[in-house]
Amino acid sequence: MAVWKEQMINRELSMTVKKLMPEKRANRDPDSPVSVWKEMDRIQGRPEQSTVVIFRTTGCSWYNFSSCSMCGYFNDVSSSVTEENLMKQVDFLSDSLSGSKVVKVFTSGSFLDPIEIPVKVREYFFQTISNKVEKALIESRTEYITEKNISGLARTGIPVRIAIGLESADDNIVRNSINKGSTFAKFLEAASVIKRMKLELRTYLLLKPPFVSEKDAVNDAIESVRKVSKLSNDVSVNPMNIQKNTLVEKLWKRGLYRPPRLWSLAKVLLDSSKSGTEVLSYPTGGNRDRGVHNDDHDQKLLDLIVESSLSQNFADLEAYYNSADLSSYQRMIELESTNLFQPDFRKLLSRTASASMYV
Amino acid sequence: MVLEDHFIFGFARSGVYNKSYSYPSVLDSTDRSVIGRENSGITVMGNSFGKPFSYPDFMNRNTKGLLSGDIEIIPNGSELIQRPARFLKVIEEELWKTGFSRLIYVQGISDPYILPALIYSGVSFIDDSFARMESEGRIKYTIFGRKKVDYDPLEENLEFLRSVAEQCADAIKSGTLRDIVEKFQVSSKAIELLRIMDFKYFNEFEKVFPSRTDRIRANSIESLMRPDLVRYRDQLVRDFVPPSGKIALLIPCSARKPYSESRSHMKLLTHIGEFRKFLHEIIVTSPVGLVPRELEEGYPARYYDIPVIGHWYEDEKAMMAGLISSYFGKNSYPGTIAFVPEDLEFIEPSLPDGTEFIRGEISSSGDLEILREKIGSMVASLKEKGMLIPGTRMKAITSIASFQFGPWIVPKMENLKRVVNYDFDLLTENGKVMLVYNPSNGKLTLNRNAAQWFVAEGKRIVEIDDFKPTANIYAMGVLNATSDIRQEDEVVIVHRGEIRGVGIAKMPYEAMINLKKGIAVKVRN
């Protein structure tokens with residue numbers, strides 16, 4: 001187990017997150033992935049269908065210590081997954097491609113963690129798919145992105161894009177709000193390794209971590225895009241979605257957290273769209289209580305966000321954004337930002353107000 | 001010096017912070033000079049609080065507030081107020097235990113219907129951000145509660161909220177804050193806060209609650225638990241020394257105060273007048289409980305109003321019955337008679353054994369005749385046994401003194417002579433005035449000559465720096481104060497054992513010790 005540096009960790013936060021994680025990990029079928037589906041993305045520079053797989057693994061190495069405040073992927077891990085099991089999952093994926101030329105691999109952890117995905121499995125994966133697809137995206141924590149560990153990726157036969165969940169370029173937020181156990185410096189180091197190895201980098205940012213006002217969250221995301229744009233082939237902005245058994249879920253259930261508004265996500269995309277790199281967002285749980293949503297349902301806005309992310313043409317989104325009356329939204333996030341504590345303001349307000357009489 | 005207190009009522013304080021922010025008040029959350037957000041973090045009224053991450057209560061049971069200078073921010077008011085007991089636990093730790101050393105600013109509550117209770121708990125600042133958010137939803141504040149409107153009520157709401165704060169500030173000055181909190185019952189949260197403060201934190205509030213206020217308007221059941229009334233009942237049992245050799249006579253109260261000036265009591269007294277010197281009249285009432293006749297001119301007996309309908313709530317009955325039991329458990333009388341109407345019949349089981357219990361109405365001359373006969377025969381038989389001692393006014397004042405200062409003063413009183421001067425009773429020793437009784441407020445005032453008694457007992461002493469007190473002693477000049485001092489109490493002013501004067505406390509003792517500004521003692525001579 002890695003030794004996590006104290007300055008990366010807020011113990012109070014880590015322990016709270018840890019306590020919420022289920023103690024027993026379920027034993028589900030280790031021969032099939034958690035899930036396989038198709039979705040549109042543009043990692044070859046144009047919108048196209050890609051196949052997404054979530055391999056069932058023993059999980060993220062960080063789970064041995066804690067977890068991220070918003071991450072519930074530990075719900076999908078299995079306590080014993082062998083190399084053979086993983087290879088069968090690779091076969092399952094291979095049979096599910098149905099013509100997709102791009103594959104995206106998620107693992108509830110790090111694809112490049114040799115304990116989670118043994119190197120033998122990694123090699124088997126690329127052998128199996130490299131004839132069928134033109135490009136692969138994998139995910140990893142920064143600590144596994146070393147020249148030694150990833151030297152093989154340059155020889156897989158297909159270009160590989162590595163996705164790193166930076167979440168925020170602000171170490172304070174990563175430490176005190178997300179509990180990632182990482183730093184921006186570690187990200188920069190990993191990014192330079194990726195560049196040297198002639199691989200590609202997708203950077204994930206989290207929009208609206210807990211304990212941060214929506215206004216600050218928007219600014220943080222914009223600022224983070226600015227800091228990583230030159231290093232990244234693209235930046236994926238992920239607005240918070242509420243996952244089971246997480247700290248964020250506990251907060252949300254108590255009215256102490258609200259996912260960001262679609263307007264905020266739109267602002268981040270519009271402000272970042274000229275950053276020099278591709279900035280995109282395919283929100284999970286958009287327009288639902290557990291995901292990014294406005295106070296009033298707005299399907300059109302969500303559609304525009306996804307469409308413009310795919311096309312990298314933000315004109316329609318911008319026109320829609322500029323023609324809307326955002327004054328109430330802006331007043332709300334301004335008022336929210338004067339508070340140090342960041343609950344779901346409307347929810348708590350109405351709870352408190354309901355204790356009083358109505359005329 | 002940035003904290004300038006003007007008036008204190010319990011834990012509530014009014015004054016001016018940093019020469020520009022009056023408290024209690026509602027901060028304008030849109031004014032960047034009041035609440036500023038910069039890259040370096042948040043500044044509030046000129047104090048910098050850095051860039052803290054504010055965690056919810058369940059994550060964070062130890063650190064509650066953010067302290068900078070004299071200001072402490074409690075950020076998660078919106079969460080805490082969902083459970084008022086938790087909110088008050090935080091206030092207990094951060095404010096009540098910190099001896100008036102800081103001002104509390106609670107974020108996350110802008111509810112005008114909760115504000116008076118917050119101020120009563122000692123909160124100095126809230127902000128208007130939640131009221132502004134609520135106004136976005138077109139909810140308007142009215143005196144009876146919230147109301148949905150079809151226009152932007154923002155300005156009206158802010159005005160409403162500010163005026164609640166201003167009126168609470170005035171009520172701190174006039175000593176009526178408690179009444180406001182009791183009567184402003186629009187939000188159940190406010191009532192919860194008040195009841196928890198009364199039931200769970202009586203000791204904390206008793207220490208800071210003034211020993212007298214302007215008037216007690218006991219319009220709601222919450223009045224029963226006013227700290228000054230609970231204190232009165234405790235003090236009555238603990239300190240009051242009744243005159244000896246008298247028959248206890250329990251009678252109902254009257255609306256008019258003092259009771260003896262009411263028509264009903266005058267009528268009663270004309271019937272039993274000849275026996276009065278052998279009777280210790282005790283009035284049964286709510287919310288005060290029991291009032292021995294000697295104390296009817298004082299606080300709180302003379303200063304309360306209650307809606308009387310000939311029916312008592314169970315809580316009131318339990319209080320009266322409990323108090324009667326404790327009182328007669330402590331004090332024994334050669335005989336006891338109760339003359340009460342039907343609605344007070346419930347006291348019978350609480351009376352001492354052998355009590356002559358008469359159910360009767362003062363309005364009925366027949367009932368009064370029965371009472372007269374019973375008293376007559378009890379007086380005759382006890383007189384025969386030599387168990388009765390006629391009362392005197394001096395003895396009555398001695399009982400008052402025992403209540404006001406404690407039973408330790410009773411032996412000192414035995415040497416005093418009573419001299420009547422206009423409406424006052426001057427109590428003298430070797431020709432020197434020691435104490436003065438004022439029947440118009442039922443209070444004994446201290447003369448400098450009696451100060452030595454208090455110094456010897458270690459009671460009611462304010463220790464000051466080396467100066468000659470004039471009209472007022474400011475908190476700055478107070479070095480120490482004994483913990484028995486309550487606001488409005490008679491105190492002795494001392495410097496290194498040397499008596500420098502007497503006066504009236506104008507702050508709770510902890511405030512005198514810890515504050516720098518504000519009048520601590522009004523000096524008499």
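**Figure 1. A close-up of A:K135, a residue in strand β4 of chain A.** The strand covers residues 135–139, and the whole model shown here is predicted. Is this lysine buried or exposed? A:K135 has a relative accessibility of 5%, so it counts as buried, the cut-off being under 20%. Leaving aside residues up to four places away in sequence, A:K135 touches A:I43, A:Q44, A:K101, A:V102, A:V103, A:I158, A:P159, A:R161 and A:E200. If you want a distance to check in your viewer, try A:L86: A:K135 and A:L86 are 49 residues apart in sequence, and their C-alpha atoms are 20 Å apart in space.

**Figure 2. Chain A as a whole, with its 13 helices and 8 strands.** The radius of gyration of chain A is 20 Å, and the globule rule gives 21 Å for 359 residues; the two are close, so chain A is as compact as a globular protein of that length. Along the principal axes, the C-alpha atoms of chain A fill a box of roughly 70 × 45 × 35 Å. Buried residues make up 60% of the 359 in chain A. Take the contacts in chain A with a sequence separation of 6 or more: 78% of them are between residues 24 or more positions apart. On the outside, chain A has an accessible surface of about 14,500 Å², and carbon and sulfur atoms account for 50% of that. As for charge, chain A carries 49 positive and 45 negative side chains, with the centres of the two sets 3 Å apart.

**Figure 3. Helix α10 of chain B, residues 263–272, and its buried residues.** Which residues of this helix are buried? They are B:H265, B:L268, B:L269, B:H271 and B:I272. Looking down the axis of α10(B), you find the buried residues within an arc of 155°, so they line one face of the helix. A quick reminder helps here: an α-helix has 3.6 residues a turn, so residues three or four places apart point the same way. B:R263 and B:T270 sit on the other side of α10(B), and they are exposed. What covers the buried residues? The cover includes three strands of chain B, namely β15 (247–252), β16 (279–285) and β19 (336–340), along with helix α12 (365–384).

**Figure 4. A glycine in a helix: B:G322 in α11 of chain B.** Helix α11 takes in residues 314–330. B:G322 has a relative accessible area of 32%, which means it is partly exposed. For a long-range marker, pick B:G50: B:G322 and B:G50 are 272 residues apart in sequence and 54 Å apart in space, C-alpha to C-alpha.

**Figure 5. Chain B as a whole, with its 16 helices and 30 strands.** For the 525 residues of chain B the globule rule gives 24 Å, close to the radius of gyration of 26 Å, so chain B is as compact as a globular protein of that length. The C-alpha atoms of chain B fit a box of roughly 90 × 60 × 40 Å along the principal axes. In chain B, 61% of the 525 residues count as buried. Of the chain B contacts between residues at least 6 apart in sequence, 62% join residues at least 24 apart. Chain B exposes about 20,800 Å², with 50% of it supplied by carbon and sulfur atoms. The chain has 68 positive and 70 negative charges, and their mean positions are 3 Å apart.

Note on methods: Residues numbered from 1 in each chain as written. Chains lettered and ligands numbered in written order. Predicted model: local features only at pLDDT ≥ 70, side-chain atom pairs only at ≥ 80, totals over all residues. Heavy atoms only, no water. Helix = DSSP H or I, 4+ residues; strand = E, 2+ residues; numbered from the N terminus. Rg over C-alpha atoms; globule rule 2.2 N^0.38 Å. Buried < 20%, exposed > 50% of the residue type's maximum accessible area, 1.4 Å probe, protein only. Contact = heavy atoms within 4.5 Å. Areas by Shrake-Rupley, 256 points an atom, 1.4 Å probe, with all protein chains shown as cover. Lys, Arg positive; Asp, Glu negative; His and termini not counted. Charge placed at Lys NZ, Arg CZ, Asp CG, Glu CD. Arc of directions from axis to C-beta.
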